[in-house]
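Colleague: Could you take me through the central sheet of this model, strand by strand, and then the helices that lie against it? I'd like the cut-offs as you go.

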Amino acid sequence: MRPFGTTIFTEMSALALRTGAVNLGQGFPDTDGPAEMLAAAAEALRGGANQYPPLAGIPALRHAIVAHEQRFWGLTRDPDTEVAVTAGATEAIAAAILALCERDDEVVCFEPYYDSYAASITLAGAVRRPVTLRPGPDGRYGFDEAELRAAFGPRTRLVLLNTPHNPTGKVFTPAELALIAELCQEHDTYAVTDEVYEHLVFEGVHVPLAGLPGMRERTLRVSSAGKTFSCTGWKVGWATGPARLVSALLRVKQFLTFVNAAPLQPAVAVALGLPDSYFTGFTASLKANRDRLVAGLTTAGFGVLHAEGTYFVTADIRPLGGTDGVAFCRELPGRSGVVAVPTQVFYDHRDEGRHLIRFAFCKRPEVIDEAVDHLKALG
């Protein structure tokens, strides 16, 4: 693990604190989640829910997760055998990879990818087989079908898919998902899907891979409360899937965190049952933030790529004379008082993303406006 060093998020957030810059780097909101959820957490703390919960999560939360997947995505689960509550989506993904992969197995993934993916694959002794997402003429990211097909081989064990996708903001289309499902079945591989931004789709539709024909029994679907309910510090996530895969994941989880967040689990159960108006309002507010930031970055002179979902928008630094995202982001707080994240660190093929950086718009509108005012000095 020595090559992984300190994560870029740690470096950039420390830089924001040291310089007092506006932090549009790390993807955490600057407002709290729904009042009903916060009240339920306080009640659980006072009510004694402070000891070890069951390994798979408290029954109320497992039932709420099942109801949520049925309500929004039409997926049917058994709350007793097909749900595992985890310490955030990060643990769910790590436990899934460690459970399903043996040494030298291969994992097909899409780059750029969230940095924990590479670390989890390495911990399992497996090998990454990245397929590169590239922006087209319209600024939307896509991949080459031939490149994806070539990534599969006799040692392919699983596909690791993130949609909506961090850091590009891409929402995989139904046709793209159908191709991935076809290849999983053709090569008899598992799928682990990171869907933490499931409710942050601004254009297109979110389609869980697990719902496609032939994919339910070979897919572990991962999500969390952090993004949807603005409680990233709670680290309450979950994985759902067929009982045999969830059981394998739990055998690993018990030796990672064992259990987590006892008084927060009942609160997340409450949040998952909030009315549709919460979810539509949340999506609409983030879409407005996206549009606000995109307009500001465009005015500041960046080449802005299209974000169909998530918390993030990526921007090309070349119109501003930049050639290396890491150097650009390290200098940006001194030049404009804003922190961003270089996306090249999320690629195996670094040159593919050397000219791109990522901004987070999960902030209050006035914070976005302040950042944009600072960035205009770059032009």
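**The sheet and its helices**

Modeller: Let's start in the middle: Asp 194 stands opposite Val 222 in β9. Keep in mind that this is a predicted model, with local features needing pLDDT of at least 70 and side-chain atom pairs pLDDT 80 or more, while totals for chains, interfaces and linings use all residues. Numbering runs from 1 along each chain as its sequence is written, and side-chain values use heavy atoms, without hydrogens or water.

That pair belongs to the link between β8 and β9, which run parallel over four bridges. Strands count as paired if DSSP finds at least two bridges between them; the elements themselves are DSSP runs numbered from the N terminus, helices being H or I of at least four residues and strands E of at least two. Val 222 also has a bridge partner in β10, namely Ala 239. There the sense changes: β9 and β10 pair antiparallel, again with four bridges.

How much of β9 is buried? Six of its six residues are, so the strand is largely enclosed by the rest of the structure. Buried here is under 20% relative accessible area, exposed is over 50%, and partly exposed lies in between (1.4 Å probe, protein chains only). Both faces of β9 are covered, with Thr 219, Arg 221 and Ser 223 buried on one side and Leu 220, Val 222 and Ser 224 on the other.

Zooming out, β9 belongs to an open, seven-stranded sheet with mixed pairing, in the order β2-β10-β9-β8-β7-β3-β4. β2 (83–86) and β4 are the edge strands, each pairing on one side only. From one strand to the next, the twist averages 20°. Over at the β4 edge, β3 and β4 are parallel neighbours joined by six bridges, and Cys 109 has Pro 130 of β4 as its bridge partner.

Now the helices on the sheet. α3 touches β2, β9 (219–224) and β10 (237–240), and its direction makes about 110° with that of β2. α4 packs on the sheet too, touching β2, β7, β8, β9 and β10, with its direction at about 160° to that of β9. Contact means heavy atoms within 4.5 Å. The angles, 0 to 180 degrees, are between N-to-C directions, and axes are lines fitted to C-alpha atoms, for helices over the stretch in contact.

Both helices have a helical neighbour as well. α4 packs against α9 (residues 243–253) at about 105°, their axes 8 Å apart. That makes the two roughly perpendicular (65 to 115 degrees; under 35 is roughly parallel, over 145 roughly antiparallel, the rest oblique). On the α4 side the contact uses Glu 91, Ala 92, Ala 95, Ala 96, Leu 98, Ala 99 and Leu 100, met by Leu 245, Ala 248, Leu 249, Val 252 and Lys 253 of α9. Sorted by class, that contact has ten nonpolar residues, no polar ones and two charged. Nonpolar covers Ala, Val, Leu, Ile, Met, Phe, Trp, Tyr, Cys and Pro; charged covers Asp, Glu, Lys and Arg; the others, Gly among them, are polar.

As for α3 (residues 59–73), its axis comes within 8 Å of that of α10 (residues 265–272), crossing at roughly 25°. These two are therefore roughly parallel. Ala 60, Leu 61, Ala 64, Ile 65, His 68 and Arg 71 of α3 meet Gln 265, Val 268, Ala 269 and Leu 272 of α10, a set of seven nonpolar, two polar and one charged. An α-helix has 3.6 residues a turn, so residues three or four places apart point the same way. Ala 60 in that contact is still partly exposed, at 44% relative accessibility. Its C-alpha is 13 Å from that of Trp 238, 178 residues away in sequence.

Back at the β3–β4 end, look at α5 (residues 115–123), where seven of nine residues are buried. They are Asp 115, Ser 116, Tyr 117, Ala 118, Ala 119, Ser 120 and Ile 121. What covers them includes α1, α4 and the strands β3, β4, β7 and β8. Just past α5, Gly 125 adopts a positive phi of about 75°.
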